[in-house]
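Trainee: I would like a close look at a single part of this model. Please take one strand and its surroundings, then step outward.

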Amino acid sequence: MSVSRREFLKLSAASAAASTIGVELLAAKTAEASPALQWTKSVCRFCGVGCGVMIGTTNGKVTAIKGDKLSPINKGLLCVKGFYLHKVVNANNRLLKPLVRKNGKLEEASWEEAMSLVASKFKETIEQNGKDSVCFYGSGQATTEETYVANKLFKGHIGTNNVEGNPRLCMASAVGGYLTTFGADEPVGSFDDIDHADLFLLVGSNTAEAHPVVYDRLVARKRKNPNVKVIAIDPRKTPTNKIIDLHLQVIPGYDLSIMHALANIVVKEGYTDEQFIKDSVSFSDGKEAISYEDYKKFLEQFTPEYAAEKCGVNAEDIVTAARWYGQAKGVVSLWTMGVNQRKRGVWLNNLMHNMHLITGKIGYQGADSLSLTGQPNACGGVREGGGLCHLLPGHRAVANEQHREQIAKIWNVPASNIAPTPGKHTVAMFEAIASGEIKAAYIMCTNPAQSLPNLNKYLQGLQDCFLVVAECFHPTETTKMADVVLPAAFWSEKDGVYGCTERRSQHQAKVNEPKGEARWDGDILIDLATRLGHGKNFEHFQSPEDVWNEYLLCTKGKDMDLTGAPYSRLKEVRGLRWPVPTIDHPGTDHRFTAGDPLFPEDKAAGRRMYFYARPDGRAVVFARPDLGPHEPTDDEYPLALSTGRVLEHWHTLTMTGAVPQLVRAVPECYVEIHPDDAARLGLANDDVAKVETRRGALDLKVRVIDRPRVGTIFIPWHWPEKLANVLTTDAYDPGSKEPEYKVCAAKISKA
Amino acid sequence: MFISSIIVKVNPGTAKEIEKEIKKMGALTSYGIHKDENIIIVAETEKLYEVKAICSQLMHNYKDVTGVFPTYLTSDNDELEEHMLEEEMEAH
C-alpha cells in the first residue's frame, strides 16, 4: 500500500510516540528510522529538570527532535517547551552579524570592529574609573564553560567581583537555604526519590505547567500507589490541582507561619525522629545555637489557629497536612519561585528543610527536600561554577583566602588578583548602572531589561551605560538598548555541559555549525580577554572541552567533585550526579549518607547521616521569625499581586491572529482576578483594567477566574508590550539578595 | 506544515471518552489508546504554536487529562523552518 509523504510522516510521528511508551505501533519503515537521519543525544535547554533530547539532523541541518527514551529523567517524554527547541536554531530572526550603535542606530559591523570597540571601551573605563566600574551579567542558560570563562576573565584577570547571573533572580534563596541548613548548596537526593515517596509537599510551585515531566512522575507515583498524597501550599489554583489532595490556598507572603505550625503539630503529636535529631541535627535561632527544648518552646506560638488566621486557611487542614506528613514513610518537598522569590526566601527554604530534619525524612529513597530550578544550567554553571558575585568555581567563596588561592593557582594569576569581598549582587549591580557607578556592562544570554523587578528604575541606566549584549537573537528588550550586540551560537551549535536540579551534569552536543557569523560565547569572551591583554591564560582554550577540563580541576576534592565526568564519559552516559570523583564512579544518589563517596564513615560513627559540609556534621533546624511580605496590602493598595508563568504565555501577541478552528485563541497579557473581587469592583471578563502599584501601572484585559484566592490578583509576566515587572518590587531577601517578585500590594480599577 | 505526535496521559478509565473528544477537535488524528491508557495523537498544523495551544487546551479543559507530552516533530518541508523569535525571547 502506498502512502503519501504526509501520511508517511504522520505514521513516523505516531510510531515515535508509541516507541516512547514501549509500544511497537508500526512495522513499516518510518522516517524516524531513515538512514539519512542522524540522531545525537543532547539535553533540553529550557528548565532545570534536565530532560534528555535527541536531535535529528540531515546533512548537517536540524530536521527532527524527540525525547530521549534512555534519559532517566524524562524517559522519552518532552514538554511543549522542549518540543520547541529545534525551531530557534533555524529561526530567521537569529542574529547573524555583530551590531554596533552608530548615530543612535544599531548597524551591522564586522567582528573586528565590534570587538575592538568593546575592548577599547572596557579598557578605557577600567583605566579611568577602576576595575569595579565594569560588570558581567550572565545566565543560567549559558553553559558551564561559558560562565567559567567569564568568571576567569572578570574575577581573575580584570579583578572585579561584579559578576552576576540571572539565577540570582530565581534561585538564590534556595542556595541560601541549602547552605545555611546543610552547609552545602544543592539537594541531598534526586528526582528518583519522587518514584518512592508517599507524600509530596508542593509549595509555590505550579509543577504541572512549569515542570511537566516532574509532574508526570508525581502522577505516575500516585497512580502506582493510590495512598500517596499531595499537599499544596499556594495562593493560586493551577492545573497541578488535578492531583492535589489538600490545598492550603494561602494569602501570599505569610506561609512561614504554616511551616512552623506543621512542625509544631509534628512535634506535639510525636511524629519526630528523635534518634535522627539526636544524631544529625542542631538548632539555631539564626543568631546563635539553641537547644531542642528552646525550639519546641519557640514552636508553641505557632498553633494551627494562629497560622490559619494569618494565612487565611482552615486550621483543620493544617492539622491534617501535618499528620499526613508525620505518617508518611517518605516525603518529597518540591518548591520553586513561590518560595524563592520572597523577602524571606532563605528562611522559608530553611523551614522546608526543618520538616525533613525533625522527622528524619531525608537521605533515603523517597525522602528529600528538593528545590526545583527554572533554568537548565543555573545549578551547573552559576551555582557550581561560581557565577555570582560572592562565589568562585567549585562551591567556593571569594571571601575565603584559601579558596582564592586555590582558584588563582588554576587560573595562573596571583591570588591578589581576586578581590576578597563580594561584588555587587544583581539589584545592586543594576542600581550602580542606573547611578552611573558602573559604566560598562557585558550581558550574556539573558534579558534583564524585561526580567528585572521594578523595571522603570533601571531602564534609563541601561540606556546610558556602555552596554554589550551577547545574544542569539535580536531584538530583545535588552539588545534594543545595547551599544554592541554580539551574535552568539545557540544550543545545538555548540558543545557544553548543563547541570540540572538533581546534581546531574549532562553533555549538550554540537550538531550543526552556528548560523551566520555567530560564535560560541566562550570564544567571544576569550577574544575579549586577549584584546584586554590576558590572552596567555586563555589561549589553551581551543574548544569547550578544554574549558571543561580546566573547570574539573576546580571541582577535584570538593563536595561537587566532577573529576569522573570528562567529555569522553559525558558523551556516552545520560549524565552523572556528583560527587563523581573517579572515572569508574557511578555518581551519587544521596549525599551525606552511606553511598556518598565523601561520606566519612569514621566521623559518622554509625550515624545514618553525617552532614560533612558542616563543622559538627549536623544540619541546622532554624527557629526563624514568621515575617510577612515586604509590602503588605493596605487600604490604598488592598490586593496582593503575584506574577508568574502560564503555559499559554509562550505565545505572543504577534501570534494571536489567525488561530485555527481547533484551538482557542491565545490570550494576550491579562490579569486574573477572583469572581468575588471582580463583582465587588464591577469588573467583567475582557474589561480593560488599570493595575497599579507604588511603582507603576499597566492596563490589562481582565480574566475573571477562581484561580487566585480572594484578595489577590495574578499577572503572567512575559509580554514585552506589557512589562509586568514595572509593577513588581525590587525589595530583596537580605541573605540571598533575591527580589520579592511574588508579592506586592496593588489596586485595580476599570480603565 | 508541521507534523507532531503527542502522548496524552489520562486518569484510569477515561481514555475512551477523552479520545472521542480529541477526535472532535479536527486536524488531530488518533493512533489509538495504548499501554497504561496513553492516547497517541498526531497533529498537523500550519504554525508550531498551534501545537502548544492544543496541549494547553487539553491540559486545561479536561480534568482527567494528567499530562500532554509532544514527543516527535517533523515537517513536510526539508528543513524545520520557523519564524517565531518571540517565543524564544520569552524563554529569557
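Mentor: What follows goes from one strand to the domains and then to a single loop residue. This is a predicted model, in which local features need pLDDT of at least 70, side-chain atom pairs count only at pLDDT 80 or more, and totals for chains, interfaces and linings use all residues. Residues are numbered from 1 along each chain as its sequence is written, and chains are lettered from A and ligands numbered from 1 in the order in which they are written.

Start with strand E25 of chain A, residues 670-673. Strands (E, at least two residues) and helices (H or I, at least four) are DSSP runs, numbered from the N terminus. A:Tyr670 and A:Glu672 point one way from E25(A). A:Val671 and A:Ile673 point the other way. In a regular strand, side chains alternate between the two faces of the sheet. All four of these residues are buried. Buried means that 20 or more other C-beta atoms lie within 10 Å of the residue's own; 12 or fewer is exposed, in between is partly exposed, and C-beta atoms are placed from the backbone.

Now the partners. Two strands pair if DSSP finds at least two bridges between them. E25(A) runs parallel to strand E27 (residues 697-704) of chain A, joined by four bridges. There, A:Tyr670 stands opposite A:Lys701. With strand E28 (residues 712-716) of chain A, E25(A) pairs in the antiparallel sense over two bridges. Here A:Ile673 faces A:Ile713.

Step out to the domains, whose bounds come from an automatic or database domain assignment. Chain A is divided into domain 1 (5-89), domain 2 (99-170 + 377-491 + 510-537), domain 3 (172-372) and domain 4 (639-750). The C-alpha centres of domains 2 and 4 of chain A lie 32 Å apart. 14 residues of domain 2 are in contact with 14 residues of domain 4. Contact means C-beta atoms, placed from the backbone, within 7 Å. On the domain 2 side, helix H18 (426-435) and helix H19 (448-451) of chain A each supply at least two residues.

Finish with A:Pro167. This residue sits in the loop between strand E7 (163-165) and helix H6 (172-182) of chain A. A:Pro167 counts as buried because it has 30 C-beta neighbours inside 10 Å. Neighbours within four places in sequence aside, its contacts include A:Gly140, A:Gln375 and A:Arg383. A:Pro167 and A:Arg383 are 216 residues apart in sequence, yet their C-alpha atoms are 8.4 Å apart.

How values were computed. Two residues are in contact if their C-beta atoms, placed from the backbone, lie within 7 Å.
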